[in-house]
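Here are some exercises to work through with the sequence and structure open beside you. Try each task yourself before you read its solution.

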Amino acid sequence: MTTVGILGGGQLGRMLAVAGVPMGVRCVVVEPAADPPPAAAAAEVLSAEYDDSRALEELARRCDVVTIEVEHVPVESLAWLAERVPVRPGPEVVAAAQDRWAEKQLFARLGIPTAVSGRPELMADAFAEGTIVKRRTGGFDGRGQVRLGPSASHADLLAAAAQITGPCLAEGLVRFDRELSVVAARSCDGAVAVYPVVENRHRDGILRETIAPAPGATPDAGSVVIRLMEALDHVGVMALELFEVAGALLANELAPRVHNSGHWTIEGAVTSQFEQHLRAVCGLPLGDPSPRGPSGMVNVIGVEPDPSAVLALPGAHLHRYGKAARRERKLGHVTVVGVDAQDRDDRMAAVRRVLAG
């Protein structure tokens, strides 16, 4: 039996561990949270900080490979582990994804268009369409961001940066047509598997729904994520968030791990992103990323629904994370697979009504 170490014990670690069971893959998770984390339902949990020497030594001793479920872990810990056991993705990949400024520089080096950005302290005033000042590290789901209008001054930029702990990045507001993402995987031997491009719908900086595949024609996002994975020698799943602007793509963020916008693959694809990631990091052949049909995912945020009400809906699959309810917190998700796009949309509408009720 293969043993995989995971830094991070949230819902992504939970779903990775669940996907490993049929494959004979056992997962051991390091998680600093005091309360039992979501991953505890399916994996052994070492309750420790990510830089705890005893926990890292245990991972190195017991695991065949180590991976991550969240990129905001100490690169030094990954580097220490990489000297003793394969770490996939590698520390340098995680480092590139941790810092938004380093990420922008990576995109520029590879010729991948992005929103215009700069360092607040070096800018005379805001961008023409408005500016979002973002924390360079650690921000997610809209946290660590301040939005400014087009008339903002240099002083306004500095004041926004002062509201955010740590180094910041100022990014020009993008008037996009829609938000897309693509999830792909790369194996140890360089083979790749790319899932269909999906459309994501956010509110207040939090992903609410994913439509798979994205309706209508979409630009070629698969080649972009492949270019990133190959440049970084990435092994495992990678997600790339994008803005579509008049038929062109602007890269927003990359995640060197399984991703919320790939949850639809659990029921909606031949091989889920979680199984795919384990296949990749364990050196196994990649699975088929083909969709089983038009799919959708709706996040459960803030309030747990009545499980019976969700499961009474035809074709609805409820995934609960075992997390305490809290405002704007992702507590689970619901997926549907339709016989066609209209059926998928109808099923998603029914899910929305139940969650709203």
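**Exercise 1.** In this predicted model, find how many bridges join strand β2 to β3, and in which sense the two strands run.

*Solution.* Start at residues 25-31, which form β2. Four bridges link this strand to β3, and the two run parallel. For one pair, look at glutamate 31: its bridge partner in β3 is serine 47. Now widen the view to the open sheet of four strands, whose order is β3-β2-β1-β4, with parallel pairing. At its edges are β3 (44-47) and β4 (65-68), each pairing on one side only. Finally, helix α2 (residues 53-62) lies across β1, β2 and β3, and its direction makes about 150 degrees with β3.

**Exercise 2.** Work out the strand order and the pairing of the open sheet that contains β5, β6, β7 and β8.

*Solution.* Begin with β5 and β8 (residues 168-172): two bridges pair them in the antiparallel sense. Within this pairing, glycine 118 has alanine 170 of β8 as its bridge partner. Next, place the edge strands, β5 (117-118) and β7 (145-148). The full order is β5-β8-β6-β7, and the pairing is antiparallel. Helix α5 (residues 100-109) lies across these four strands, at about 50 degrees to β8.

**Exercise 3.** Decide whether histidine 277 is buried or exposed.

*Solution.* First locate histidine 277 in helix α9 (residues 273-281). Its relative accessibility is 0%. Buried means under 20%, so histidine 277 counts as buried. Then check its surroundings: histidine 277 touches residues including Leu16, Thr67, Ile68 and Arg88.

How values were computed
Residues are numbered from 1 along each chain as its sequence is written. This is a predicted model: local features need pLDDT of at least 70, side-chain atom pairs count only at pLDDT 80 or more; totals for chains, interfaces and linings use all residues. Side-chain values use heavy atoms; hydrogens and water are left out. Two strands pair if DSSP finds at least two bridges between them. Contact means heavy atoms within 4.5 Å. Axes are lines fitted to C-alpha atoms, for helices over the stretch in contact, and angles run from 0 to 180 degrees between N-to-C directions. Buried means under 20% relative accessible area, exposed over 50%, partly exposed in between (1.4 Å probe, protein chains only). Lists of a residue's contacts leave out its neighbours within four places in sequence.
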